[in-house]
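Before turning to the points below, please open the model and keep both the sequence and the three-dimensional view at hand. The note begins with the place where the chains meet and then works inward.

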Amino acid sequence: MHARIPALLAAAVLFAQPTPAATDDAVLKDLTAVITLHGKPCGEVTRADRMGDNDFIATCKDGNRYRVRTKDERVVVEKQ
Amino acid sequence: MRTIACLLLALTAGCASQSKQPVAMPPAVAEPARPPDQKLAPGTSPAPVPHALATAPPAAKVEAAAHLDLKGLERRLRSTSAIGLFTKLALKNQVDDLLTKFRTYHGGKQPPTLTDLRPNYELLIMKVQSLVQNDDPLLAGDVARSRETIWGVLADKTSFATI
């Protein structure tokens with residue numbers, strides 16, 4: 001029984017990686033607005049995966065994916 | 001004993017059969033705005049106010065809203081909860097880009113001409129309006145009303161220098 005604990009801990013550490021955080025409606029709305037402001041086709045952002053501070057991968061209803069982040073005090077929208 | 005039971009039953013039935021009568025309430029009338037220090041004397045009722053007067057917005061407020069300048073617009077956009085942080089920053093970027101173009105124009109370089117700049121300005125104003133109109137219609141209205149005022153400031157070299 002005790003021998004299993006280190007194995008379980010090791011597995012937990014092994015599989016513990018920064019997972020994209022679930023985002024709320026306000027973020028989806030914000031990302032939709034930003035992508036639209038940049039004139040990119042999207043429709044509506046249905047999923048947003050947080051990659052870091054002010055850094056998201058936005059998945060649109062139409063299938064497009066964009067990385068939305070801030071760089072040098074500007075919002076950058078890059079197609080993925 | 002049976003009589004008492006019958007009486008109790010009749011009494012209960014009588015109470016249950018009474019339909020609830022709506023309580024007569026005074027009609028809901030908006031009370032006119034009154035300064036906090038102005039109080040009504042006890043026993044007196046407020047004087048009736050014509051409906052048009054009661055609903056009309058204060059003239060000073062309308063006047064102030066119509067003269068939203070660039071700084072005021074920026075302040076309102078910062079404080080509104082209608083748009084998120086990314087959107088606010090993206091809008092700021094676009095405003096800054098437009099101001100750079102105006103700076104070039106006022107610096108004597110052409111293009112851009114004022115005719116070139118006007119559609120850019122109109123488009124930006126429309127973007128702002130469409131972004132806030134659902135969740136902050138007051139701001140959207142103020143932006144629409146201030147469109148010409150702000151354009152006047154941007155287009156005039158002397159006014160632009162004060163920004």
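1. Where the chains meet. In this predicted model, 10 residues of chain B are in contact with 12 residues of chain A, two residues being in contact if their C-beta atoms, placed from the backbone, lie within 7 Å. The elements of chain B that give two or more residues to this side are α5 (85-106) and α6 (114-132), and the largest share, 6 residues, comes from α5(B). Helices here are DSSP runs of H or I with at least four residues, and strands are runs of E with at least two, both numbered from the N terminus. By type, the residues on this side of chain B divide into 6 nonpolar, 3 polar and 1 charged, where Ala, Val, Leu, Ile, Met, Phe, Trp, Tyr, Cys and Pro count as nonpolar, Asp, Glu, Lys and Arg as charged, and the others, Gly among them, as polar.

2. Conventions. Residues are numbered from 1 along each chain as its sequence is written, while chains are lettered from A and ligands numbered from 1 in the order in which they are written. Since the model is predicted, local features need pLDDT of at least 70 and side-chain atom pairs count only at pLDDT 80 or more, whereas totals for chains, interfaces and linings use all residues.

3. The two chains in outline. Chain A has 2 helices and 4 strands, which follow the pattern α-α-β-β-β-β along the sequence, while chain B has 8 helices and 0 strands. Buried residues make up 22% of the 80 residues in chain A, and 11% of the 163 residues of chain B count as buried; a residue is buried if 20 or more other C-beta atoms lie within 10 Å of its own, exposed if 12 or fewer, and partly exposed in between, with C-beta atoms placed from the backbone. Among contacts in chain B between residues at least 6 apart in sequence, 56% join residues at least 24 apart, and in chain A the residues 24 or more positions apart account for 23% of the contacts with a separation of 6 or more.

4. The sheet of chain A. Four strands form an open sheet in the order β1-β2-β3-β4, with antiparallel pairing; two strands pair if DSSP finds at least two bridges between them. Because β1 and β4 of chain A stand at the edges with a single partner strand each, one side of each is left without a neighbour in the sheet. Neighbouring strands are turned by 25° against each other on average, direction ignored, where axes are lines fitted to C-alpha atoms, for helices over the stretch in contact, and angles run from 0 to 180 degrees between N-to-C directions. There are 5 bridges joining β2(A) to β3(A) and 6 joining β3(A) to β4(A), and in the hairpin of β3(A) and β4(A), with 2 residues between the strands, Asp72(A) takes a positive phi near 50°.

5. Helices against the sheet. Helix α2(A) lies across β1, β2, β3 and β4 of chain A and runs at about 95° to β1(A), whereas α5(B) lies across β3 and β4 of chain A, at about 105° to β4(A). The buried residues of α2(A), including Leu31(A), Val34(A) and Ile35(A), are covered by elements that include the four strands of chain A together with α5 and α6 of chain B. Just after α2(A), Gly39(A) takes a positive phi of about 75°.

6. The shared core. The largest nonpolar core, meaning a set of buried Ala, Val, Leu, Ile, Met, Phe, Trp, Tyr and Cys residues joined through C-beta atoms within 7 Å, has 26 residues. Elements of both chains each supply at least two of these residues, among them α7 (137-155) of chain B, and α2(A) gives the most, with 6 residues. Leu31(A), one of those with the most contacts inside the core, touches Phe56(A), Val68(A) and Phe86(B), among others.

7. One residue to inspect. Which strand holds Val75(A)? Val75(A) is in β4 of chain A, where it is the bridge partner of Thr70(A), and it is buried, with 23 other C-beta atoms within 10 Å. Leaving aside neighbours within four places in sequence, the contacts of Val75(A) include Val34(A) and Val68(A) as well as Phe86(B), Leu89(B), Ala90(B) and Asn93(B).
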